[in-house]
Structure formats: structure tokens, C-alpha cells
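Open the model in your viewer and keep the sequence panel beside it. The stops below say what to select and what is there.

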Amino acid sequence: MNSNDSTENNSANTNVVPALMLDHVSKWYGNIVGLNDVSIAINGGVTGLLGMNGAGKSTLFKLIVGKLKPSQGTVRLFGINPWENKAPFSKIGYVPEHEKLYDWMTAFDFVTIMGRLFGHSRDSAEERAKHVLKFVGLEDVMHKELGKYSKGMRQRAKIAQALVNDPDLIILDEPLQGCDPLARTTIMNVIRELGSMGKTIVVSSHILSEIERITEQIVILHNGRLLALGNLHAIRDLLDKHPHRISLTTKQPRELASKFLNHESVYGVHFPAENELLVETHDLGNVHRDMPLILEESGIRVTAIENPDDNLESILEYLMEGR
Amino acid sequence: MSNSSRPLSKSVWSKIDVKSWAITEFTLRQYQTRKSTGAIAMIGILLVTLVLLFYVKGQTSVIEAIDQDGDSYDWDGDGYSLAQELQYGTNPENASDFPNVPALPASNWIDEDDFSYSMNGEKCQRNIYGIVSEGICQINVDDDGDCERSDWVLQNKLIGQGGTDSNYDDIDCSVFISTNINGITIIPDNFVDEDPNDNLYFHEAVHRGFVLGFGKIGFAFLMGIFLPLFLATGLIRDEMESETLHYLIGKPIARGEFYAYRLGGYFVMTWFYLAILTTIMSLITGFVAPSESFFRFGDIQIWASILFATCLMVMAYGTIFSTFGIFTKYGMLASIFFGIWEFMMAMLTLIGTGSFFVTRMSIAFWGMQIIDSVSTFTWNDSEYLISKGEYYGLEGNEALSTFYNVPSIGSSPLTTLFISSAVLIGITLVVFYIGQSAFKRKELK
């Protein structure tokens with residue numbers, strides 16, 4: 001405890017201790033590498049942790065919240081090793097990936113008891129529970145058993161329990177997984193609002209568009225390695241210069257194809273289905289900028305536009321190629 | 001929500017009372033909602049009810065009175081019992097020689113000199129062939145007066161060597177009682193306590209046998225082992241398996257403490273349940289069992305010892321089983337194997353407490369020692385009852401002799417009680433230390 005005290009004090013005197021810091025952290029499960037030499041420091045704002053299933057996101061989170069001990073390297077929460085000392089947990093809210101909850105409890109009871117585990121008195125914990133349940137939009141149903149909640153409501157209850165102690169660092173492991181669009185929007189709004197309060201938030205997902213709607217600051221993990229770290233738009237700009245496809249659904253794909261072929265950035269077209277046109281380009285931004293004009297001039301009705309390569313797999317593929 | 005900064009250094013150890021009670025209360029609520037808890041509670045209540053029914057039936061039955069000393073018989077057919085002929089000095093084997101008074105019914109001489117259950121008396125010495133032993137002597141315990149009356153001419157002839165002081169304590173018609181490391185020695189003079197009340201003996205012996213038997217097997221062993229098996233093995237393991245553990249330990253609480261408070265919830269739950277069952281048992285047996293008053297208040301300490309022993313055993317077993325659960329997902333299997341070992345040791349302990357040293361390697365042995373120590377202290381004439389019952393072949397003796405054991409540890413019941421309790425608490429603390437150390441280092445994948 002003393003060493004931690006001194007660490008805390010010294011750090012306070014010299015520079016700001018990051019909320020979360022991993023220094024060359026690796027984690028092996030026998031011969032399987034869960035995380036490989038990852039170093040990051042996060043302090044403030046919302047950070048999206050992107051990665052496919054098995055990329056190491058959950059391993060990273062489990063190391064952060066002291067469920068796992070790093071095989072190599074150091075993990076620090078507010079300058080303290082969470083495996084050795086549980087003190088940082090008073091400033092952390094964690095939303096685990098799994099769906100398991102105490103279904104026999106009401107959301108109010110669940111969040112209240114979680115508050116009491118932080119050392120709040122019963123009255124204080126109840127007040128806090130009401131506050132955070134209102135914050136996540138469960139005020140009207142907080143006295144309903146968790147077992148009767150929908151998936152989205154359960155996720156919000158999990159977020160509420162993470163917020164009950166007013167944490168400085170909030171870790172959300174796949175909070176949008178399995179939620180319906182309405183629940184996704186609600187949860188995203190909650191995360192954005194927490195971010196605007198100055199909290200440090202790390203949220204994981206394997207869906208790019210979800211993270212994109214929440215934050216620009218991302219960390220990409222792949223096969224346990226840190227693949228990229230920084231601004232999502234910067235990465236996207238790089239990606240946009242890469243060969244890309246645009247899918248357009250229309251009843252006149254061939255007529256529309258001729259219009260696109262005249263564009264300087266389009267180098268090929270395909271017709272994968274009867275009503276589908278696939279445009280190949282090496283400058284996605286340029287084509288998207290000119291697309292409204294092309295469609296207007298052609299007078300052809302298009303019912304859907306999609307970017308099949310605008311996803312995490314493509315980014316990963318691109319980043320991997322660059323290595 | 002504010003973004004205020006809080007000092008971290010003391011967050012683990014601050015508000016520990018609030019956190020501990022929160023975990024304990026949560027554990028209790030969790031038990032309440034589980035169907036298995038209700039099922040186990042119901043099984044226990046059914047078991048107690050069933051056993052009590054048998055007990056009440058036994059206590060309300062009447063045993064046929066037997067004349068152990070044969071003095072109610074009319075040997076010569078003159079219409080006078082042996083006792084009456086002895087009393088008046090007529091020849092019991094000559095039909096023409098009989099007392100010149102009306103014949104009394106033979107029932108007057110059946111069960112006419114019951115055992116003296118009291119251990120009260122004056123300090124005295126027994127001196128036989130120069131070997132002196134200290135003890136207490138009960139006087140005025142010759143209920144029918146056949147030892148004390150010198151005018152019973154023929155009887156005095158029959159008394160033989162030692163006369164009316166056959167136990168050599170220099171007091172006629174007394175009972176000599178000494179307590180030493182080998183237990184209690186009770187030696188009555190001739191014609192003292194020689195014709196016990198069969199019915200009373202049966203009910204007393206069966207009552208004691210029942211309380212000790214059910215206390216040791218039903219409570220201390222069965223409940224002591226099955227409650228923890230179903231309620232403690234998954235105390236940590238179930239949370240690990242269902243992945244809900246993080247909600248509980250992802251807080252500023254050391255894992256060891258969390259484990260302790262979790263066990264605390266289990267202790268509160270099981271102890272409360274056991275207290276209810278023992279209270280029911282003590283109330284019903286207290287009203288039904290033979291007693292000079294409307295209730296056997298003296299048995300309360302026996303039931304208290306049973307409750308105390310069972311609580312300590314539930315504590316020790318619970319800590320062991322939950323630690324198994326921390327080490328392996330096959331904790332239940334490990335607990336069952338441990339339970340089989342304990343069963344064997346419990347049986348060996350009942351067969352001959354202290355005879356098998358290996359039994360000391362079990363929880364059951366030390367739990368039973370606690371009950372034995374208090375029963376030896378409370379029912380200090382049990383050995384006397386057993387030896388008399390064996391001598392006269394009285395019904396009910398088997399029940400008492402099977403379950404009554406003199407403790408094999410310590411020089412006095414109090415020492416036994418202290419040592420046994422200390423051993424069980426010690427085992428619990430050591431296993432808890434091992435369990436919490438393992439839990440601290442356990443990675444939750």
C-alpha cells in the first residue's frame with residue numbers, strides 16, 4: 001500500500017498519471033497467445049477498442065480489471081497494479097461482455113447492492129441507484145426483475161451498476177452486442193454523454209460503424225497485437241485511397257455502370273446480381289463526392305447504396321498489408 | 001455525476017463494515033431465492049418430524065414392569081411374597097410358615113427400589129484392602145428400606161459378605177460414586193437400587209440415547225455435512241461458473257475478505273436454520289421426556305452442545321468444501337469423497353470413541369467429542385444407568401450404551417469441550433487461509 005501511495009503521490013507531483021496504462025503487456029494461455037506485447041496509455045475521452053472476435057479485446061479488459069495476471073509487462077490503473085491491489089476499483093466501472101445477471105433481483109436492488117459493495121450506506125446506495133438507473137433510461141422499470149428485461153435493458157442495467165460509484169474510468173466490453181437499434185442508440189447516447197462529462201471510457205466492439213458513431217479515437221487489436229492506435233478518420237482516409245467497392249441496388253445496373261465508368265477514379269464494374277452494380281474505385285471519397293451528380297444526370301433510380309469494404313475486416317486487411 | 005478525484009490508498013479497507021454486511025446480505029438473499037435451499041430446508045424439517053414421531057411414540061409406550069430382585073414372588077405358595085416373608089422373618093420356602101398379617105399385593109414389591117439418578121452427596125472414601133479412593137456417597141437411597149431395616153432377619157443373612165456396607169465406604173446402604181480419568185465408578189451397597197423401574201428406565205435411557213444419537217448422527221454428522229455440501233461448495237465456484245463473480249469482486253474489496261464475508265452469509269444462514277431445528281427438538285423432547293417438572297430444563301445444555309458442535313462442524317465443512325470449489329470445478333466431487341471419509345470416521349467414532357487414533361483426523365470426531373463432553377457433564381449418571389441396565393438386561397439400555405461415549409480427549413469435560421472447539425476453529429482458519437490464498441491467485445478466465 002505504501003509503495004502505491006508513494007507512486008500515486010510522486011506521479012501527482014510530476015505528471016498526470018494516466019487512468020489506464022499497459023506497458024509491453026502479454027498474456028498467454030498455455031501455448032495460445034491472448035495478448036502480445038501491447039503498450040497503450042489512455043487518459044480521458046472515449047476510446048474505441050476494435051477487433052474481430054478472438055483479437056484479444058476481452059483478454060485486455062480482464063487484465064485491466066484484475067481478473068487476469070499479465071504473463072509479461074505491467075498494467076497500471078491510476079498508477080496501481082490492479083492484480084495486486086484492488087484500490088483502483090473504487091474509480092472504475094466495468095461492464096462485462098457476458099449476459100449473465102442476477103435474474104432474481106430487480107435492477108434497483110442489483111445496482112443498490114453494487115453501490116454498497118463500494119462502501120456506500122444503504123440510503124446513499126439507493127439514491128445513487130435511482131440516479132444512474134434514470135441516467136440509463138431504466139427509471140420506469142427499475143423495480144422489475146432483471147430476468148424479465150430485454151437484452152437492451154439488461155445491457156443498460158449493467159452500465160448502471162458500473163456507474164453507481166461515479167467512476168473516473170469506465171470499461172464497456174461489447175455493450176451493443178445483441179441489442180436492437182433503439183437500445184443501441186440509447187446506449188450510444190449514454191456513452192457519448194459520459195464522455196462529455198470528462199470520464200475516461202474504453203468501449204470495445206467488432207463493428208466499425210458502432211464505434212464510429214461513438215468516438216474517433218480507436219485502438220485496433222488483431223490476433224492479440226496492437227495493430228493501430230489513433231484517429232479513426234486518419235485511418236479511414238488512408239483506407240479510402242485503397243481499392244474499394246461500392247454496391248448500388250437498381251433495376252438498371254448496366255445503364256448506370258456506363259455512367260460510372262466515365263469517372264476518373266473508377267477502374268471497374270461488376271454485376272454480382274440481377275439488380276446490383278458493384279463499382280470498383282481507388283478513391284472512395286472522390287466517387288462518393290461525385291455520386292449524387294452522376295445519379296442525377298443518369299436519371300436512374302437507386303434504392304440502396306452500400307460500401308461492402310467499409311468495415312473492420314477491410315481496415316484490418318489494409319493495415320495488415322501495410323505491415 | 002461529478003468527476004471528483006478520490007484518494008485510493010485506503011479504499012480497500014475503508015467502510016469495511018458496510019461492504020461486509022452487503023456481501024453477507026447478498027449471499028443470504030441469494031440462498032433465499034434458490035430452490036435447492038428450500039428443498040434442503042424441507043428435507044431437514046421432514047427428517048426431524050419423522051424422527052420426532054418415532055420418539056414420541058416410544059416415549060408414550062408403556063414397558064411391562066419386571067421384578068428384577070424376585071422378591072415379589074410367592075415361592076412357597078402361601079400367598080405371601082418373598083419380600084413380605086423376609087420382612088416378618090417367616091420361611092419363604094415353607095408354606096405353613098407365613099406372617100400373621102394380611103398379605104400385600106405382589107405389585108408392592110415390583111420396581112420398588114429405583115436407581116438414584118442424583119450425583120449429590122457427601123465426600124467420602126472407599127477403602128478396600130488398603131486401597132483408598134475418593135468419592136461422594138449418596139445416602140438414604142434405599143427406596144424400599146430392605147437394606148436399612150435390620151429386622152428383616154433372613155435378608156440380613158442373604159446380604160452375605162460386607163453386610164450392609166458391601167461397597168466399603170463405611171456408610172450402610174449407600175451408593176459410592178467416584179469420578180476419575182477412567183470415567184465414573186458407581187458402586188451401591190447390597191439391596192440398594194436393586195429393583196429399578198423398567199418403564200422409567202426405558203424412557204430415560206431411550207430419551208438419552210435418542211438425544212445423543214440424533215444429536216451426533218442426525219445433526220452433527222448428517223446436517224453438518226449435507227448443508228455445507230449443497231450450500232457451501234458453490235459459494236465461490238458457482239459465481240465463477242456463471243461469470244457473475246466480477247460484479248462482486250470488481251470492487252475495492254480484497255478477494256480474501258470477499259471470501260470471508262461470503263462464508264459469513266453461509267454461516268448466518270445455516271446456523272439460524274440449525275438453531276430453529278434444535279429449538280424445535282429440545283422443546284418437543286423437553287415436554288415429552290420423563291421429568292419431575294413439566295419440562296426437562298436440564299437437557300437444554302445438551303441441545304446447546306449439539307447446536308454448538310453442529311455449527312462448528314458446518315463451519316469447518318463449509319470452509320473445506322468452498323475451498324475445494326475454489327481449487328477445482330469438480331469441488332462437489334471432492335467434497336463427496338471427503339464426506340465418505342468423514343462418514344467412515346463418524347462410524348468408527350461411534351463404535352469406540354478414542355479407540356481409533358485415525359478418527360482424530362476427521363471433523364466428525366471432534367464434533368462428537370463436544371457433545372460427549374457436555375453429555376458426560378450433564379448426564380453424569382449415564383454410565384451407572386448403562387451398567388445397571390446391562391446387569392438387569394433392561395429395555396432401552398442398548399440405545400443409551402450405543403450413543404453414550406465418554407470423551408477420549410482431555411482430563412475433564414470442560415477441557416474436552418475447549419480442545420475440541422479449538423481444533424474445529426483451528427481447522428476452519430487454516431483451510432480458510434489456504435482457500436483465500438488460492439482465490440487471490442486465481443485467474444478468472
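Two strands pair if DSSP finds at least two bridges between them; strands (E, at least two residues) and helices (H or I, at least four) are DSSP runs, numbered from the N terminus. The model is predicted: local features need pLDDT of at least 70, side-chain atom pairs count only at pLDDT 80 or more, and totals for chains, interfaces and linings use all residues. Residues are numbered from 1 along each chain as its sequence is written, while chains are lettered from A and ligands numbered from 1 in the order in which they are written.

**Stop 1: a sheet in chain A**

Select β1 (residues 20–29) of chain A, which is joined to β4(A) by five bridges and runs antiparallel to it. Within this pair, L22(A) has V75(A) of β4(A) as its bridge partner. Now add β2: the three strands make an open antiparallel sheet in the order β2-β1-β4 (chain A). β2 (32–42) and β4 (72–77) of chain A are at the edges with a single partner strand each, so one side of each has no neighbour in the sheet.

Next select helix α2 (residues 57–64) of chain A. This helix lies across β1, β2 and β4 of chain A (contact means C-beta atoms, placed from the backbone, within 7 Å), at about 60 degrees to β2(A). Axes here are lines fitted to C-alpha atoms, for helices over the stretch in contact, and angles run from 0 to 180 degrees between N-to-C directions.

**Stop 2: chain B as a whole**

Show chain B alone; it holds 14 helices and four strands. Its C-alpha trace spans about 110 × 45 × 40 Å along the principal axes.

Colour domain 1 (16–61 + 199–441), domain 2 (68–109) and domain 3 (113–195) of chain B separately; the bounds come from an automatic or database domain assignment. The centres of domain 1 and domain 2 of chain B, over C-alpha atoms, are 55 Å apart.

Of the 445 residues in chain B, 46% are buried (20 or more other C-beta atoms within 10 Å of the residue's own; exposed means 12 or fewer, partly exposed in between; C-beta atoms are placed from the backbone).

**Stop 3: a helix in chain B**

Which residues of helix α12 (residues 382–392) of chain B are buried? They are S382(B), E383(B), Y384(B), L385(B), I386(B), K388(B) and G389(B). Finish at G393(B), just after α12(B), where phi is positive at about 65 degrees.

Definitions and conventions: Contact = placed C-beta atoms within 7 Å.
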